[in-house]
There are 2 protein chains.
Amino acid sequence: MRTVHTLLRNWMEAAGMSVHVDAAGNLRGLYPGSTPHAPRLIIGSHLDTVPNAGPFDGILGVVLGVTIVEELDNQRLPFAIEVIGFSEEEGVRFAKPFLGSLAVIGKLDRNTLALTDADGITVEQALRNFDLDPTQLPAAILPTNTFAFLELHIEQGPILECEDLSLGVVDTIAGQTRAQLIFTGHANHAGTTPMHLRHDALAAAAEWITAVEDCARSHTGLVATVGKVETLPAATNVIAGRVTASLDVRHADDAIRKTAAAAILQEANFAAEKRGVHLTLNLQLDQPAVPLDPRLTTPLGEATTRAGHSARIITSGAGHDAMILAPVIPSAMLFLRSPAGLSHHPDENVLPQDVEAAIATALEFLSLLRDHKTILKDTNA
Amino acid sequence: MRTVHTLLRNWMEAAGMSVHVDAAGNLRGLYPGSTPHAPRLIIGSHLDTVPNAGPFDGILGVVLGVTIVEELDNQRLPFAIEVIGFSEEEGVRFAKPFLGSLAVIGKLDRNTLALTDADGITVEQALRNFDLDPTQLPAAILPTNTFAFLELHIEQGPILECEDLSLGVVDTIAGQTRAQLIFTGHANHAGTTPMHLRHDALAAAAEWITAVEDCARSHTGLVATVGKVETLPAATNVIAGRVTASLDVRHADDAIRKTAAAAILQEANFAAEKRGVHLTLNLQLDQPAVPLDPRLTTPLGEATTRAGHSARIITSGAGHDAMILAPVIPSAMLFLRSPAGLSHHPDENVLPQDVEAAIATALEFLSLLRDHKTILKDTNA
């Protein structure tokens, strides 16, 4: 991370930004506006990714922020631009994501600072070990004249590729239901237990997994996934006595998501009851959808068209730093096509022409913000 | 095992048997017949069981053999009785079952002797470590005048309990198909990959597991089980890219089993193809059913009735030492009810009245063998 900071700091300074690392480890480069107290636009994304990942998740959005400022060639706008490379978006180390973006809205709280990594090191200590001073976290909070946040990010999905499009304008970050289901039957001998005397936990789970897929396919925009199944005792010749399964349901519309999740869980009850299998349900997450701000997404769509590309409106199925900022700062996101839909994978990629399209779109977006100052006024600047 | 041997040896000798441990570690007590070269009846089962098991699997059949001889009270029959406590039936240590029973039919071969346990100790060395001499294995082979094998064993299943019966007369040891199926799809983000662009290995496996259950339910006497499923990468928010699943199919009729197994594997192809998921099939076992000998099972059924019990004909879904001996020595098996169908479990149990029923039945069986010498003649004595 220090190497990345050094490299980006050099590029930022070369583009005319003053650079510092805030107390949460976010790298921040400020490109001044035409007046000393000009309102501030944030462009950014995260610098971390997951293990065994590719080179574009998150960091592409930071590099693009620097590039956009470079393209301004020291031209002053009626607003300042701060490019932020957020720290710890993935939650790999402390099992809690978005630490950097939480800090800039003042929500990196005591409980989060007390979380520990696998070695028992707290977030607070990790910050100190990186030569940061957690007592300075309040200074990391965005100034009140921040009027917008723009995040550029790879799609991490196959939709744009499938439709042969370079860019997508995100309207909403989907809400999410996560649950763990435990099917408890009876582990019996696979050879000596006739079918009608079984309480097969895996047969129940399997019928349910099929129902999950059916349900998701019958609701436009819904995704529902069982990604993890563990059987016990996990022997070829023993009927599964216990199956633990994960559930992940997402949709842009919370009402649709909740109705679907309830129907899916009801299917689990049916599949378990039919076989005399007991079902335990642990609801782990019920995260509402986060709409992005039409006062920004509309001009972002217009900018996309002006740059010569289709303004494909897309829902983000994944969480992003914009999800954290959006409730506080009007936010927009621009997706770049992910070849083969790959992300969090060594083969994660991005096409040069899509990067050019994103830069051109962002510059058009800055022009629209500059020319239609009502957008600034409408928001909280 | 030494403690068990010592205890049983004392009981065997007290019942009038001459006892030795053969070169395969089988404990063998010979109760002489009325003439020096009388044909020989074997009664026995195994002395080992699995870890964390109960006290009746296998060893009950050995103790019952000793009890039956005790009940004869030194009365001589026109045949000798050899009670055998077989070694290593489960295959826990060397991952190969039936070592003791293979030895008595001369099939504990060089390859088997060369198998190693988790510590790298071969079967041959393990025998030596138990003060046995593997060069003496030929002397363990049953004499040519052995005319029958009777194995008494707990059912290890719920059928007798469900029908409120003490005993079952086994007609066949079911044949078995075992396979490993690998469904290979694409591991993608659960939030960003729409349903129609997925290649979900777990959804394919789940549809197939449901089909396995359906197929087994629609064929009388068929059992088919998927007991083990492993997903990769096994994350809540990632579509399963690879699922490995086990299949175990059993039936007394090999033709029915093979037809059903083929249909089940075809269902796996359908479920995979529908989702653009690749299927790899590893057939691991295609073991034919082993019929027991009607020249013994018919009088065993008659003996059961004479002892005042129902002669419930039952298929053994599990393998037993009798499966190894039956192709060489005419064999029969009597099952005792397993309360709650439990076996290989600390709560494995047997009811005292069922033990009494088994002893009474075995003694009636000996009377029938004695009185109807044609049975001895029909077989190979």
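Select A:S246 to start the tour of this predicted model. Leaving out residues up to four places away in sequence, A:S246 touches A:A179, A:W208, A:T225, A:V226, A:G227, A:K228 and, from the other chain, B:T236. A:S246 sits in strand β10 of chain A and counts as buried, at 5% relative accessibility. Now show the backbone of A:G227: its nitrogen lies 3.4 Å from a polar atom of the A:S246 side chain.

**Next stop: the tryptophan**

Move on to A:W208, one of the residues that A:S246 touches. What surrounds A:W208, beyond its neighbours within four places in sequence? Highlight A:L181, A:F183, A:V226, A:A245, A:S246, A:L247, A:I264, A:E267, A:A268 and A:A271, which are in contact with A:W208. Then add A:F183, B:F183 and B:W208 to the selection; together with A:W208, these residues touch the most other members of the largest nonpolar core, which has 64 residues.

**Where the chains meet**

Colour chain A and chain B separately and look at the contact between them. Each chain brings its share: 51 residues from chain A and 51 residues from chain B. The buried area between the two is about 4,200 Å², with 60% of it given by carbon and sulfur atoms. To find where chain A loses the most area to chain B, pick A:T192, A:M195 and A:T236, which together make up 16% of what that side buries.

Stay at the interface and turn to polar pairs. There are 12 residue pairs in polar contact across the interface of chain A and chain B, both partners at pLDDT 80 or more. Which elements of chain A should you display here? Try α6 (159-162), α7 (201-217), β8 (223-225), β9 (229-232) and β10 (242-251), each of which supplies at least two residues of the side of chain A that touches chain B. Among these, α7(A) gives the most, with nine residues. Sorted by class, that side of chain A has 25 nonpolar, 16 polar and 10 charged residues.

**Salt bridges across and along**

How many salt bridges cross the interface of chain A and chain B? The rule finds two. For one to zoom in on, select A:R275 and B:E213, whose side chains meet in a salt bridge at 2.6 Å, N to O.

Now go back to helix α7 of chain A and select A:R217 and A:E213. They form a salt bridge, with the closest N and O atoms 3.2 Å apart. The two are four residues apart in the helix, so about one helical turn separates them. Compare their surroundings: A:R217 is partly exposed, with a relative accessible area of 45%, whereas A:E213 is buried at 7%.

**Last stop: a buried pair in each chain**

Over all chains, the count of salt bridges comes to 44. One of them joins A:R28 to A:E82, the closest N and O atoms being 2.6 Å apart. A:R28 lies in strand β2 (residues 27-31) of chain A and A:E82 in strand β4 (residues 80-86), so the pair ties together parts that are 54 residues apart in sequence. Are these residues buried or exposed? Both A:R28 and A:E82 are buried.

Switch to chain B and select B:R28 and B:E82, whose side chains also meet in a salt bridge (2.6 Å, N to O). This pair links strand β2 (residues 27-31) of chain B to strand β4 (residues 80-86) of chain B, 54 residues apart. B:R28 and B:E82 are buried too.

To finish, select A:E207, A:K274, A:R275, B:E213 and B:R217 together: salt bridges that share partners join these residues into one network.

Technical notes. Residues are numbered from 1 along each chain as its sequence is written. Chains are lettered from A and ligands numbered from 1 in the order in which they are written. This is a predicted model: local features need pLDDT of at least 70, side-chain atom pairs count only at pLDDT 80 or more; totals for chains, interfaces and linings use all residues. Side-chain values use heavy atoms; hydrogens and water are left out. Contact means heavy atoms within 4.5 Å. Buried area is the accessible area (1.4 Å probe) that two parts lose on being put together, summed over both. A salt bridge is a side-chain nitrogen of Lys or Arg within 4 Å of a carboxyl oxygen of Asp or Glu. A polar contact is a pair of N or O atoms within 3.5 Å; within protein, one must be able to donate a hydrogen and the other to accept it, and residues adjacent in sequence count only if both atoms are side-chain atoms. Ala, Val, Leu, Ile, Met, Phe, Trp, Tyr, Cys and Pro count as nonpolar, Asp, Glu, Lys and Arg as charged, and the others, Gly among them, as polar. A nonpolar core is a set of buried Ala, Val, Leu, Ile, Met, Phe, Trp, Tyr and Cys residues joined through side-chain atoms within 4.5 Å. Buried means under 20% relative accessible area, exposed over 50%, partly exposed in between (1.4 Å probe, protein chains only).
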